[in-house]
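Me: I want the reasoning behind the labels, not just the labels. Take me through this one step by step.

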Amino acid sequence: MMTRKNVLTAVIGAALTFGATASAYAATTLKLSHNHPRDHAVHQAMDAMAKEVRALTDGEVRIRIYPDAQLGTQRESMELMQNGALEMVKTNAAELEAFAPAYAAFNLPYLFRDKSHYYNVKEGEVGEEILASSRDSGFVGVTYYDAGARSFYTSKPINTPEDLKGMKIRVQPSPSAIAMVNALGGSPTPLAYGELYTALQQGVVDAAENNIPSFSLSRHGEVSKYFSLDEHTMVPDVLVISTKAYDGLSEEHREALKTASMNSMELMKKLWAESEAKERTNAEKLGVKFVKPNKSAFVEAVQPMYDALETSNPELNAIVERIQAVQ
Ligand code: GCU
């Protein structure tokens with residue numbers, strides 16, 4: 001015979017099972033693809049965001065993160081998202097330039113005066129407008145993540161643009177990155193990130209450029225022993241969601257996503273600083289030398305890119321002027 005306690009336990013158990021099943025049916029799962037390993041700061045920041053979204057929506061919205069380009073390169077992931085096969089992608093402003101031209105602004109060299117200028121732009125009116133600019137192309141920007149500054153790395157120190165002459169330099173598929181390397185005297189070679197290690201190892205390219213954590217965590221320090229801190233660009237990572245998935249969320253769920261993504265963006269600033277220090281040490285342990293070139297010759301060499309903008313790309317020029325006016 002069942003005691004009262006046993007009956008209660010059975011009833012509660014059944015209710016929990018039913019509840020779990022009911023909420024599992026009601027839950028919306030958003031698949032998120034990116035190309036970094038789990039120990040990259042951006043994965044950790046997005047993991048915190050996914051947990052917060054789940055808590056804020058009582059488990060009704062779940063973000064499932066697929067790291068390491070498991071679902072394809074950044075470009076392939078963007079295409080999968082536009083076709084509705086996944087909902088979110090963590091990419092960066094350089095990759096996005098081909099999908100939404102306003103992101104080009106972030107790929108111009110030496111545009112930001114310092115880190116606080118960069119933060120104020122990302123988190124201010126211009127940054128918000130750029131995130132919203134791609135709505136009709138099938139996706140919207142959710143948030144930016146700090147991704148530090150990008151610098152050149154290869155098998156020799158790069159102290160002046162002269163040192164880049166005749167070198168095949170891997171760039172992202174971004175017209176601005178291509179124009180920058182041309183202005184500095186190198187030969188730009190667009191390649192997907194996942195192909196870069198082998199390309200450097202086999203001499204398909206001579207050099208590449210990135211931030212310290214990505215360089216170190218991709219083990220590029222095994223094949224490129226000099227990292228020259230010319231810090232030419234500050235290209236933020238960007239989390240995007242398909243317009244369809246975003247519009248499919250209730251007002252309340254959109255709010256939860258906004259709150260959690262803003263919190264993860266803040267968290268990322270701290271994770272990024274820690275990761276830059278840690279990965280620099282890790283690279284040094286591998287024998288990588290960090291070189292500090294004088295930036296002025298680099299700044300001067302890219303100036304013609306800005307001079308040309310006014311006539312060649314008035315829309316971008318207008319964004320650049322607004323960014324320069326940000327305090
Ligand atoms: C950074 C960025 C990636 C990007 C990579 C690249 O690491 O976080 O989103 O793919 O640069 O150079 O391709």
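Me: How many salt bridges does the rule count here?
Reply: The count comes to 17 salt bridges. This is a predicted model.

Me: Why is the pair of Glu95 and Arg75 called a salt bridge?
Reply: The cut-off is 4 Å between a side-chain nitrogen of Lys or Arg and a carboxyl oxygen of Asp or Glu. The side chains of Glu95 and Arg75 meet at 3.7 Å, N to O. That is within 4 Å, so the pair qualifies. The pair links distant parts of the chain: Glu95 is in helix 4, Arg75 in helix 3, and 20 residues separate them.

Me: What makes such pairing possible in general?
Reply: Side chains of opposite charge can pair when their charged atoms come close.

Me: How many salt bridges run between domain 1 and domain 2?
Reply: The count is 2.

Me: What makes Glu125 and Arg322 a salt bridge?
Reply: Their closest N and O atoms are 3.3 Å apart. The limit is 4 Å, so the pair counts. Glu125 falls in domain 1 (28–146 + 236–278), and Arg322 in domain 2 (150–234 + 284–325).

Me: Which other polar links cross the interface?
Reply: The rule finds 11 residue pairs in polar contact across the interface of domain 1 and domain 2. On the domain 1 side, helices 3, 4, 5, 6 and 11 each supply at least two residues that touch domain 2. By class, that side has 17 nonpolar, 9 polar and 9 charged residues.

Me: How much area do the two domains bury between them?
Reply: About 2900 Å², with 65% of it on carbon and sulfur atoms. In domain 1, Leu108, Pro109 and Tyr110 lose the most area to domain 2. Together they make up 26% of what that side buries.

Me: How far apart are the domain centres?
Reply: The centres, taken over C-alpha atoms, are 23 Å apart. The contact takes 35 residues from domain 1 and 32 from domain 2.

Me: Which residues surround the ligand?
Reply: Among them are His36, Lys90, Arg170, Tyr193, Asn210 and Asp237.

Me: Why does Lys90 count as a polar contact of the ligand?
Reply: A side-chain N or O atom of Lys90 is 2.9 Å from a ligand oxygen. The cut-off is 3.5 Å, so the contact counts.

Me: What about Arg170 and Asn210?
Reply: A polar side-chain atom of Arg170 lies 2.8 Å from a ligand oxygen. For a side-chain N or O atom of Asn210, the distance to a ligand oxygen is 3.1 Å. Both values are within 3.5 Å, so both count as polar contacts.

Methods: Residues are numbered from 1 along each chain as its sequence is written. This is a predicted model: local features need pLDDT of at least 70, side-chain atom pairs count only at pLDDT 80 or more; totals for chains, interfaces and linings use all residues. Side-chain values use heavy atoms; hydrogens and water are left out. Domain bounds come from an automatic or database domain assignment. Contact means heavy atoms within 4.5 Å. Buried area is the accessible area (1.4 Å probe) that two parts lose on being put together, summed over both. A polar contact is a pair of N or O atoms within 3.5 Å; within protein, one must be able to donate a hydrogen and the other to accept it, and residues adjacent in sequence count only if both atoms are side-chain atoms. Helices (H or I, at least four residues) and strands (E, at least two) are DSSP runs, numbered from the N terminus. Ala, Val, Leu, Ile, Met, Phe, Trp, Tyr, Cys and Pro count as nonpolar, Asp, Glu, Lys and Arg as charged, and the others, Gly among them, as polar. A residue is near a molecule or strand if one of its heavy atoms lies within 4 Å of it.
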